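Q: Got a minute to go through this model with me? I'd like to start with the ligands and then move on to the fold.

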Amino acid sequence: TEKPQRKPKWIRAQSQARPEVQRIKGILREQKLHTVCEEASCPNLGECFAHGTATFMIMGDICTRRCPFCDVAHGRPEALDADEPRHLAETIQALGLKYVVITSVDRDDLRDGGAGHFVDCIREVRSLNPGMKIEILVPDFRGRMDRALEIMQQAPPDVFNHNLETVPRLYREARPGADYAWSLELLRQFREQHPGVPTKSGLMLGLGETREELLEVLQDLRDHGCDMLTLGQYLQPSRHHLPVTRFLSPEEFDELGDRAREMGFKQVASGPMVRSSYHADLQAQGLETA
Ligand code: SF4
Ligand code: SF4
């Protein structure tokens with residue numbers, strides 16, 4: 001019987017008790033919108049909400065895939081809600097957010113993988129919130145890439161994010177249904193079609209990857225034109241999820257971040273508590289002033 005690894009002292013959660021956080025949570029309940037921040041019990045929630053950033057999960061909270069590191073429910077998804085783009089836009093306005101990340105579960109049941117709904121959301125959010133920065137964090141659109149990319153040309157985001165999550169050797173175990181080469185290709189093709197829109201990807205560390213494997217992935221990302229990178233510690237959502245093989249120290253994250261910058265990433269966030277959307281606003285700013 002495996003003993004769960006004890007969390008080191010640098011893994012800590014922010015207080016969620018701030019009034020601003022409670023206000024945002026209240027509005028989200030009313031509008032029936034899901035945020036990854038809440039669903040994934042993200043340890044940065046208090047900090048992000050207080051800074052005007054949140055990650056919205058569109059197209060429901062039930063995923064057609066079942067990645068054993070992920071806390072999202074699995075099953076038969078609901079039908080798309082045609083009012084969701086407008087609700088999302090109004091909520092973002094009411095919350096006074098400055099930078100939003102829009103993401104979704106995998107919708108392998110939809111013919112366009114949900115690309116059309118992403119575009120509708122971007123359009124609505126922009127029209128009600130001029131100047132708003134929008135990052136989309138998309139699924140891999142496996143089997144539907146051409147169609148999805150074509151649709152997304154109608155309303156490209158400010159940042160295009162697609163996470164590789166882990167090294168290719170661990171895909172079968174950690175990302176069943178996904179394909180490493182496919183994910184890289186999605187990043188490359190988007191980049192090619194939108195040279196002005198930065199692309200971004202991220203990995204969770206502590207799933208069993210080696211340093212060499214990780215550096216190879218970072219090189220692959222650079223070779224596919226990826227500009228921005230996030231590296232964070234994988235945390236096991238429950239004992240039914242993949243175990244953490246290792247907690248990397250903050251120094252190790254710093255060092256990996258330096259390596260990534262040397263490899264040519266324009267913006268890197270690397271640290272135990274870094275998530276794909278952690279300080280997404282600051283990351284994007286860094287890119288503009290770089
Ligand atoms: Fe939400 Fe991302 Fe911030 Fe976590 S890091 S609270 S998911 S915006
Ligand atoms: Fe979670 Fe994404 Fe995997 Fe679905 S595809 S189970 S949302 S990581």
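**Ligands, sheet and core**

A: Sure. Around ligand 1 you'll find C37, C42, N44, L45, C48, T55, R275, S277 and Y278. Keep in mind that this is a predicted model.

Q: How does the shell around ligand 1 divide into nonpolar, polar and charged?

A: Five of its residues are nonpolar, three are polar and one is charged.

Q: And C37 from that list, buried or exposed?

A: C37 is buried, at a relative accessible area of 9%.

Q: OK, which residues surround ligand 2?

A: Ligand 2 has C63, R65, C67, F69, C70 and D106 around it. That shell splits into four nonpolar and two charged residues, with no polar ones.

Q: Lots of cysteines there. How many disulfides do we get?

A: The count is zero disulfides.

Q: What about C226, why no bond there?

A: The closest cysteine sulfur to that of C226 is in C67, and because it is 19 Å away, it's too far for a bond. C226 is also buried, with 1% relative accessibility.

Q: Back to C67 for a second. How far is it from Y171?

A: Their C-alpha atoms are separated by 9.6 Å, although Y171 and C67 are 104 residues apart along the chain.

Q: Where does Y171 sit?

A: Y171 is in helix 7, which covers residues 171-174. Y171 is buried, with a relative accessible area of 5%.

Q: What does Y171 touch, not counting its neighbours within four places in sequence?

A: With those neighbours left aside, Y171 is in contact with L164, T166, P176, A178, D179 and Y180.

Q: Switching to the sheet. What's the strand order?

A: It's an open sheet of eight strands, in the order 1-2-5-6-7-8-9-10, and the pairing is mixed. Strand 1 (34-35) and strand 10 (267-270) are the edges, each pairing on one side only.

Q: Take the strand 1 edge. Does it run parallel or antiparallel to strand 2?

A: Antiparallel: two bridges join strand 1 to strand 2, residues 53-58. T35 is opposite F56 of strand 2.

Q: And the other edge, which residues of strand 10 are on which side?

A: Q267 and A269 are on one side, V268 and S270 on the other, and all of them are buried, so both faces of strand 10 are covered. Strand 10 is joined to strand 9 by four bridges, with the two running parallel. M228 has Q267 of strand 10 as its bridge partner.

Q: Moving inwards, how many residues of strand 8 are buried?

A: Seven of the seven, residues 199-205, so strand 8 is largely enclosed by the rest of the structure. T199, S201, L203 and L205 point one way, while K200, G202 and M204 point the other way.

Q: What does strand 8 pair with, and in which sense?

A: It pairs with strand 7 (residues 159-161) in the parallel sense over two bridges, and with strand 9 (residues 228-233) in the parallel sense over six bridges. N161 has K200 in strand 8 as its bridge partner, and L203 has L231 in strand 9.

Q: Is T230 in strand 9 buried or exposed?

A: T230 is in strand 9 and is buried, with a relative accessible area of 3%. Leaving aside neighbours within four places in sequence, T230 is in contact with K200, S201, G202, L203, A269, V274, R275, S276 and Q283. R275 is also one of the residues around ligand 1.

Q: Last topic, the core. Which residues have the most contacts inside the largest nonpolar core?

A: F56, I102, L218 and L221, in a core of 77 residues. Helix 5 (residues 115-128) gives the most to this core, with six residues. There's also a second, separate core of seven residues, among them Y99, V101, L137 and V159.

Q: What is I102 in contact with, leaving aside its neighbours within four places in sequence?

A: I102 is in contact with F56, I58, L88, F118, C121, V125, I134, E135, I136 and L137. F56 in that list is the residue opposite T35, and L137 is one of the residues of the second core.

Technical notes:
Residues numbered from 1 in each chain as written. Chains lettered and ligands numbered in written order. Predicted model: local features only at pLDDT ≥ 70, side-chain atom pairs only at ≥ 80, totals over all residues. Heavy atoms only, no water. Near = heavy atom within 4 Å. Nonpolar A, V, L, I, M, F, W, Y, C, P; charged D, E, K, R; others polar. Core = buried A, V, L, I, M, F, W, Y, C linked by side-chain atoms within 4.5 Å. Buried < 20%, exposed > 50% of the residue type's maximum accessible area, 1.4 Å probe, protein only. Contact = heavy atoms within 4.5 Å. Disulfide = S-S within 2.5 Å. Pairing = 2+ DSSP bridges.
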